[in-house]
Amino acid sequence: MLVIAHRGASGLAPENTLAAMEKALELGACAIELDVHRVEQELVVIHDRWLQRHTDGHGLVHQSTLAHLAGLDAGNGERVPTLWQVLELIAGRCDLNIELKGRGTGELLAPMLERAIAELGYSREQFLVSSFNHPQLARIKASLPWLKIGALTTSCPLNYARFADELGAFSVHMDVNFAEPEFISDAKRRGLRVYVFTVDEAEDILELQLLGVDGVFCNWPDKARSIIGNDQR
Ligand code: G3P
Ligand code: MG
């Protein structure tokens, strides 16, 4: 089972910062998840739509400016990084799950991924792009047909994982609260990988492992890896 460092190693460093990415790499993470919003013509790595939970700033992220963001403290003196800064830092050393949060993120991401492959040593297979916004995923898949898509859901829908199948997704990403055995087995029957967020409790991790889940998003990836033993990538 793959352990994906959620927002970097966010249990150990301010989430979605370069420090959290560095910590995840230091711990030997095979994959890191992060969240992106659009600010001006850039993608920035931050989870919320609003600045106040993550930084000493206020207001909506998408109405901010890059100059304003550069002056904010994202915890322990860390800055809100751009996605390109994170891509440069990681430089192909692990897989990356980029979660599209705001509007207009997919249009900026597609050329950036091509550039990261050309300039920073990534391979196509290392990128997995996910979102709760499935039309946005369909658009980026249409512009980059090779791209692995992760369909996020916080529910257990009546039609189980059909939506992910229809999207041509690589994986379905389920909320741990709705990771029902039937939903998991339906997704796997359709050939989809199943990743579950956000899982930090040992009992949950072990139960999901027994259910055949392919990966878990963890804030403490080191702890999760010690719990699952040898069954890791
Ligand atoms: O991508 C998994 C997980 O991060 C999705 O939810 O709200 O933590 O971004 P959230
Ligand atoms: Mg996320």
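# Chat about a predicted model

Visitor: What covers the buried residues of H9?

Guide: The cover over the buried residues of H9 includes strand S1, helix H1 (18-26), helix H8 (202-210) and strand S9 (215-218). Please keep in mind as we talk that this is a predicted model.

Visitor: Okay, and which residues of H9 are the buried ones?

Guide: Helix H9 covers residues 221-228, and its buried residues are Pro221, Ala224 and Ile227. If you look down the axis of H9, these buried residues fall within an arc of 120 degrees, so they line one face of the helix.

Visitor: Is there some general reason for that kind of spacing? Why would residues three or four places apart point the same way?

Guide: An α-helix has 3.6 residues a turn, so residues three or four places apart end up pointing in the same direction.

Visitor: And what follows H9?

Guide: Gly229 comes after H9, and the phi angle of Gly229 is positive, near 70 degrees.

Visitor: Let's switch to strands. How many residues of S2 are buried?

Guide: Strand S2 takes in residues 31-39 and is mostly covered, with 9 of its 9 residues counted as buried. Ala31, Glu33, Asp35, His37 and Val39 point one way from S2, while Ile32, Leu34, Val36 and Arg38 point the other way, and all of them are buried.

Visitor: Which way does S1 run next to S2, parallel or antiparallel?

Guide: Strand S1, residues 2-6, runs parallel to S2, and 3 bridges join the two. Within that pairing, His6 stands opposite Glu33, and Ala5 has Ile32 as its bridge partner in S2.

Visitor: What about S4 and S3, how do they join S2?

Guide: S4, which is residues 95-100, is joined to S2 by 6 bridges, and these strands run parallel. Glu33 takes part here too, since its bridge partner in S4 is Asn97. Strand S3 (residues 42-45), by contrast, pairs with S2 in the antiparallel sense over 4 bridges, and Val39 stands opposite Glu42 in that pairing. S2 and S3 form a hairpin with 2 residues between them, and Glu40 in the turn has a positive phi of about 50 degrees.

Visitor: Going back to S1, what else does S1 pair with?

Guide: S1 pairs with S9 in the parallel sense over 4 bridges, and one of the matches there is Leu2, whose bridge partner in S9 is Gly215. S1 is also mostly covered, as 4 of its 5 residues are buried.

Visitor: New topic, then: which residues are around ligand 1?

Guide: The residues around ligand 1 are His6, Glu33, Asp35, His47, Glu99, Ser130, Leu152, His173, Phe197, Thr198 and Phe217. Sorted by class, this shell has 3 nonpolar, 5 polar and 3 charged residues. You have met some of the names already, including His6 and Glu33, which stand opposite each other where S1 and S2 pair.

Visitor: Can we look at H5 as well? Which of its residues are buried?

Guide: In helix H5 (residues 134-143), the buried residues are Gln136, Leu137, Ile140 and Lys141. They lie on the same side of H5 because they cover an arc of only 135 degrees around the axis. These buried residues pack against S4, helix H4 (105-120), strand S5 (127-131) and strand S6 (148-153).

Visitor: What sits on the face turned away from that buried side?

Guide: That face of H5 carries the exposed residues Pro135, Ala142 and Ser143.

Visitor: Why does Pro135 count as exposed?

Guide: A residue is exposed if 12 or fewer other C-beta atoms lie within 10 Å of its own, and Pro135 counts as exposed because it has 9 C-beta neighbours inside 10 Å. The C-alpha atom of Pro135 is separated by 8.9 Å from that of Leu167, which is 32 residues away along the chain.

Visitor: And where is Pro157 found?

Guide: Pro157 is in the loop between S6 and helix H6 (162-166), and Pro157 also counts as exposed because it has 11 C-beta neighbours inside 10 Å. Pro157 and Gln209 are 52 residues apart along the chain, and their C-alpha atoms are separated by 22 Å.

Visitor: Last one: what does UniProt list for residues 1-228?

Guide: In an unreviewed entry, UniProt lists residues 1-228 as "domain: GP-PDE". In the model, the end C-alpha atoms of residues 1-228 lie 8 Å apart, and the span is 35% helix and 21% strand.

How values were computed
Residues are numbered from 1 along each chain as its sequence is written. Chains are lettered from A and ligands numbered from 1 in the order in which they are written. This is a predicted model: local features need pLDDT of at least 70, side-chain atom pairs count only at pLDDT 80 or more; totals for chains, interfaces and linings use all residues. A residue is buried if 20 or more other C-beta atoms lie within 10 Å of its own, exposed if 12 or fewer, and partly exposed in between; C-beta atoms are placed from the backbone. Two strands pair if DSSP finds at least two bridges between them. A residue is near a molecule or strand if its C-beta atom, placed from the backbone, lies within 6 Å of it. Ala, Val, Leu, Ile, Met, Phe, Trp, Tyr, Cys and Pro count as nonpolar, Asp, Glu, Lys and Arg as charged, and the others, Gly among them, as polar. The arc is that of the directions from the helix axis to the C-beta atoms. Two residues are in contact if their C-beta atoms, placed from the backbone, lie within 7 Å. UniProt positions are given in the numbering used here, feature names are shortened, and annotations may be inferred rather than shown by experiment.
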